[in-house]
Amino acid sequence: MYVFDLDGTLVDSVEAHIAAWLEALKNFGVVKSVEEVKPLMGLPATEIAKALMPARARELAAVKNEIFLSKYLSLVKAYEDAAVLKLLPRPIAVVTSSSGRVARRILQAVGLSQFIDLVVGGDEVPRGKPAPDPLYVVSREFGVSPREMIVVGDSDYDMEMAEAAGAFGVCIARRAPCRGGKRVIHSLYELATASRTHRF
């Protein structure tokens with residue numbers, strides 16, 4: 001079974017998320033730089049909010065989500081190779097650090113929701129990435145052991161989650177070299193080839 005990260009893996013959205021965080025912070029009178037926010041991408045939104053503004057993290061995360069959906073959602077695009085979802089066996093899940101509500105809106109907006117059978121948001125589990133909890137939710141939903149899952153993501157957090165659950169981590173090197181994962185790919189289309197030849 002395939003489990004995909006969303007932001008930076010299926011969709012080009014990281015800059016849009018950063019812009020929404022920066023604008024949300026300004027609403028609270030806090031000014032941060034892109035360089036301060038970017039390293040936090042990949043963590044659950046609640047953890048990002050705690051890192052940026054501990055005293056009002058819950059409020060910050062809520063404001064950020066609304067700003068993102070109202071002003072930045074239209075900037076998010078699916079990567080061309082996300083079309084591989086049409087070729088892979090179902091079920092397919094998305095596990096993301098974004099809120100489940102935001103993730104589902106993104107998938108609908110970019111036309112990928114029809115290929116996804118389950119979305120698990122970072123706010124829908126006791127512990128988000130890099131903890132293995134999201135994969136346990138997928139496991140319960142489909143009756144599939146994490147050891148039978150191929151987890152595809154672009155960050156260390158994705159690979160750490162896969163390792164912690166005993167899943168097979170595949171890191172897609174889009175913007176930076178992958179340090180983790182059992183395998184590194186440079187296009188999601190490589191998954192279709194691997195699926196046909198049983199190379200995983």
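This note goes through the sheet of this predicted model and the helices described with it.

1. The central element to look at is an open sheet built from six strands, which follow one another in the order β5-β4-β1-β6-β7-β8 with parallel pairing. From one strand to the next, the twist averages 25°.

2. As for the borders of that sheet, β5 (118-120) and β8 (183-185) stand at the edges, and each has a single partner strand, so one side of each is left without a neighbour in the sheet.

3. Within the sheet, strand β6, which covers residues 150-153, pairs in the parallel sense with strand β7, residues 168-172, and the pairing extends over four bridges. To locate this pairing in the structure, one may look for isoleucine 150, which stands opposite phenylalanine 168 in β7.

4. Helix α7, made of residues 156-165, lies across β6 and β7 and also across β4 (92-95), and its direction is at about 165° to β6.

5. A helix pair deserves a separate point: the axes of α4 (residues 57-72) and α5 (residues 100-109) come within 11 Å and cross at roughly 10°. Because angles under 35 degrees count as roughly parallel, α4 is described as roughly parallel to α5.

6. The residues through which these two helices meet are Asn65, Glu66, Phe68 and Leu69 on the α4 side, and Arg101, Val102, Arg105 and Ile106 on the α5 side. Sorted by class, the contact of α4 with α5 comprises four nonpolar residues, three charged residues and one polar residue.

Conventions. Residues are numbered from 1 along each chain as its sequence is written. This is a predicted model: local features need pLDDT of at least 70, side-chain atom pairs count only at pLDDT 80 or more; totals for chains, interfaces and linings use all residues. Side-chain values use heavy atoms; hydrogens and water are left out. Axes are lines fitted to C-alpha atoms, for helices over the stretch in contact, and angles run from 0 to 180 degrees between N-to-C directions. Angles under 35 degrees count as roughly parallel, over 145 as roughly antiparallel, 65 to 115 as roughly perpendicular and the rest as oblique. Contact means heavy atoms within 4.5 Å. Ala, Val, Leu, Ile, Met, Phe, Trp, Tyr, Cys and Pro count as nonpolar, Asp, Glu, Lys and Arg as charged, and the others, Gly among them, as polar. Two strands pair if DSSP finds at least two bridges between them.
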